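Please look over the sequence and the model together before reading on. This report deals with one helix and the core beside which it is described.

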Amino acid sequence: MYVNLLRQKAYHRLTDDDMGKIIGVSRNTYNQKLRNGRFWPNECKAFCMYFNKPFDYLFATEGETVSETGCKAEERNGKNFGIGKPQINRQTRPIKSAN
């Protein structure tokens, strides 16, 4: 199931009927699509546009870890994403940290 899609639904306090209206289907059809995971590309795009989130984030499955920017955990490995740690720009000069 798409955990982040359901989180966005809860955050925006939307009903199943509201979710169906976003993609142009009935509440029952939305529930069926959610259960079997079969959304059409245009329906996925409608959700992405409505919630202003990337596809990889909204439609990540329970086993995947994806940030709200759509960057998967595997893509972040080896990069400096720590809070308060200095980052290096293209000229290899340290950028001042926020702390």
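The text below describes helix α1 and then the nonpolar core.

This is a predicted model, in which local features need pLDDT of at least 70 and side-chain atom pairs count only at pLDDT 80 or more, while totals for chains, interfaces and linings use all residues. Residues are numbered from 1 along each chain as its sequence is written, and side-chain values use heavy atoms, with hydrogens and water left out.

Helix α1 covers residues 3-11, helices being DSSP runs of H or I with at least four residues, numbered from the N terminus. Its residues are sorted by relative accessible area, where buried means under 20%, exposed over 50% and partly exposed in between (1.4 Å probe, protein chains only).

| Group in α1 | Residues |
|---|---|
| Buried | N4, L5, Q8, K9 |
| Exposed | R7, A10, Y11 |

The buried residues lie on the same side of α1 because they cover an arc of only 145° around the axis, the arc being that of the directions from the helix axis to the C-beta atoms. Their cover includes α2, α3, α4 and α5. Q8, with a relative accessible area of 9%, is in contact (heavy atoms within 4.5 Å) with F51, K53, Y57 and L58, leaving aside neighbours within four places in sequence.

The largest nonpolar core, a set of buried Ala, Val, Leu, Ile, Met, Phe, Trp, Tyr and Cys residues joined through side-chain atoms within 4.5 Å, has 16 residues, and L5, F39, F47, L58 and F59 have the most contacts inside it. Its largest share, five residues, comes from α4.

Definitions and conventions. Helices (H or I, at least four residues) and strands (E, at least two) are DSSP runs, numbered from the N terminus.
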